[in-house]
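Let's take a walk through a protein model together. Keep the 3D view open and turn it as you read.

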Amino acid sequence: IRSEHYELPVTLVKAYLGTGFLDMDYAHLFITKNNALAIENLQFRSGMIMENGYWLENYEKSSNFMLDLYYPFANFEVYWGTLLINQDISKAKLRYPSQLSNLSRYKEEINQQMFKISSRFLNLGVRFESVSLQESGSSLSLERDLWHLMISRSFALNNHQASFCWEYLLVDKPPLFAPNLSKKKNSIASAEYFWTAEPLSFSSSFSIGNGNKYRSLSEMKYSFNPVLSTSLFYLKSEQRPVTNLIYFPAKEVLEQALVEDVHISLRFNDRLFDTILRFGGDRVSQHYNLMGEGVTEIILIQGDTLYVESAPISEERKAIYLQIDHTNTLRIDNLDFSFNLGGKIYPESEMEMFYQPQYYLYSGLDVRYNLRHNNALTVGLANNFASRFLGELRNEKPKTNLIDAFFRISISDLFDIQADFKNLTNETVLFGYPIAGMHVNASLRWFFYN
């Protein structure tokens, strides 16, 4: 449930407009207002996103709308929101990916209504959501409704903070469009805890439910000084569904995955630079399980070829990794230089590591020339490189070497005109997904206060 508040007396309008090759057109419009409808403290937010063009391998279009209302009473706050989604997109961009083919386009319609009451003692929320999915050029049409109830409570005492949450989800047709829900009635409990006593701090979160699927995260940090800090340990463990498989009527395939990440990190942070070094290990354990009685085979997809596998299938991969993320800013006279560099490397990884390239490297450089009255000219160059890797069902994802550039004219801090030169290396895929070849886009950003 969205809960950001806007308390300024002026109305804020934000517009992001763009066009380019391959009919890549979009308009993102947002308006935020306090004291709406002449009612003091009534906060109003609305937005619309309209897009069309060849964003992945298909021609796509969307028209999405959201509206939020928030009002603070003396002892509690009330929030109501609605979200309407209507779009024709490829499976890879669906809001709720299902066991459906990556090769087709789908019409997705979502109607979501949310209501929340918050107080010092308790938070109560309810959400209703209706989802409809229709495959283009096919009679395959799937629908589902979801009711989501939430109760939460937060506590704070000296340097201790804690919160607890219980959620109940009722879905009519699992696991379609709700692959993380294994049954019609689902209950999830979660808790978070944070403690600090300089220079030490500790945070932990844990959630469990829905067939004992869980997620846990714990971290202990030590700050040597304002510039240098380190994570004494970081442990993340998660059991979750991964939904990259195809769905056929009467044959539903659910892929379970246990994902663990354990690492230590060292961070150097200053006004001009921010560098994080991480050393850790990943473990991914997968299990493909057949859903449905009397079915003994799974039909899966690899490229354009269908084949049959026996159920169940279990696999496990372990690997250590080294990761660095660095940003640096430097000002010389009227020039601002912003540089970023980073990547993730699995030094001893097998090429069969699931969902992760053995090498992923990125870099970028922006140069901004500052003019009078907060005007500026900016040019930038960015590169992303990823080695080949194996995705779902050992499907090979080729390596990627992507280079982008842009030129921006800033008129004050509220108005930008930008030209983007995308995919200068003319790559055809990015992390296994088809992308458009070399092309040029133009965009505009405008913030208006009234």
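**Rings, strands and a few good neighbours**

Start with three aromatic residues: Y71, F73 and F76 are linked into a cluster by ring pairs. Before going further, keep in mind that this is a predicted model.

Now zoom out. How many helices and strands does the chain have? Zero helices and 28 strands, so strands are what we'll be following from here on. The chain has 450 residues, and buried ones make up 38% of them. On the outside, the chain exposes about 24,400 Å², with carbon and sulfur atoms supplying 59% of that area. Take the contacts in the chain with a separation of 6 or more: 49% of them are between residues 24 or more positions apart.

Back to the rings. A pair of aromatic rings is described by the distance of the centres and the angle of the planes. The chain's count of aromatic pairs comes to nine. One of them is F128 with W147: the ring centres are 4.8 Å apart and the planes meet at 50°, so this pair is tilted. The angle falls between the 30 degrees below which a pair counts as stacked and the 60 degrees above which it counts as edge-to-face. F128 belongs to strand 7 (residues 123-135) and W147 to strand 8 (residues 141-157), so the pair ties together parts that are 19 residues apart in sequence. Are these two buried or exposed? Neither extreme fits: F128 is partly exposed at 23% relative accessibility, and W147 is partly exposed too, at 44%. For a second ring pair, look at Y360 and Y362. Their centres are 6.1 Å apart and their planes are at 35°, so this pair is tilted as well. Y360 counts as partly exposed, with a relative accessibility of 24%.

Rings can have charged company too. Find Y321, and you'll see the charged end of K344 sitting over its ring, 4.3 Å from the centre. Over at F447, the charged end of R445 sits over the ring, 4.9 Å from its centre.

Since W147 took us to strand 8, let's see what that strand pairs with. Strand 8 and strand 9 (residues 160-171) run antiparallel and are paired over twelve bridges. Within this pairing, S154 stands opposite S163 of strand 9. The two strands form a hairpin with two residues between them, and N158 in the turn has a positive phi of about 55°. Carry on across strand 9 and you reach strand 10 (residues 185-197), joined to strand 9 in the antiparallel sense by eleven bridges. Here A162 stands opposite Y193 in strand 10. While you're looking at strands, here's a handy rule: in a regular strand the side chains alternate between the two faces of the sheet.

Next, travel along the chain to strand 20 (residues 359-370), which pairs with strand 21 (residues 376-386) in the antiparallel sense over eleven bridges. You've already met Y362 as a ring partner of Y360; in this pairing, Y362 stands opposite N384 in strand 21. The hairpin of strands 20 and 21 has five residues between the strands, and H373 takes a positive phi near 60° there. Strand 21 is also joined to strand 24 by eleven bridges, again antiparallel, with T378 opposite R408 in strand 24.

Stay in strand 24 (residues 400-411) and look for S410. Is S410 buried or exposed? It counts as buried, because its relative accessibility is 4%, and the cut-off for buried is under 20%. The side chain of S410 makes a polar contact with the side chain of D416, at 2.9 Å. Setting aside neighbours within four places in sequence, S410 touches R368, N374, N375, A376, F415 and D416.

One last stop: F268, in strand 14 (residues 252-269). At 30% relative accessibility, F268 counts as partly exposed. Which residues does F268 touch, leaving out those up to four places away in sequence? They are V227, L228, F273, D274 and T275. F268 and S229 are 39 residues apart along the chain, yet their C-alpha atoms are separated by 6.5 Å.

Terms used:
Residues are numbered from 1 along each chain as its sequence is written. This is a predicted model: local features need pLDDT of at least 70, side-chain atom pairs count only at pLDDT 80 or more; totals for chains, interfaces and linings use all residues. Side-chain values use heavy atoms; hydrogens and water are left out. Helices (H or I, at least four residues) and strands (E, at least two) are DSSP runs, numbered from the N terminus. Buried means under 20% relative accessible area, exposed over 50%, partly exposed in between (1.4 Å probe, protein chains only). Contact means heavy atoms within 4.5 Å. Accessible areas come from the Shrake-Rupley method with a 1.4 Å probe; for residues, only the protein chains shown count as cover. Rings of Phe, Tyr and Trp (its six-membered ring) pair if their centres lie within 6.5 Å; planes under 30 degrees apart count as stacked, over 60 as edge-to-face and the rest as tilted. A charge sits over a ring if NZ of Lys or CZ of Arg is within 6 Å of the ring centre and within 35 degrees of the ring normal. A polar contact is a pair of N or O atoms within 3.5 Å; within protein, one must be able to donate a hydrogen and the other to accept it, and residues adjacent in sequence count only if both atoms are side-chain atoms. Two strands pair if DSSP finds at least two bridges between them.
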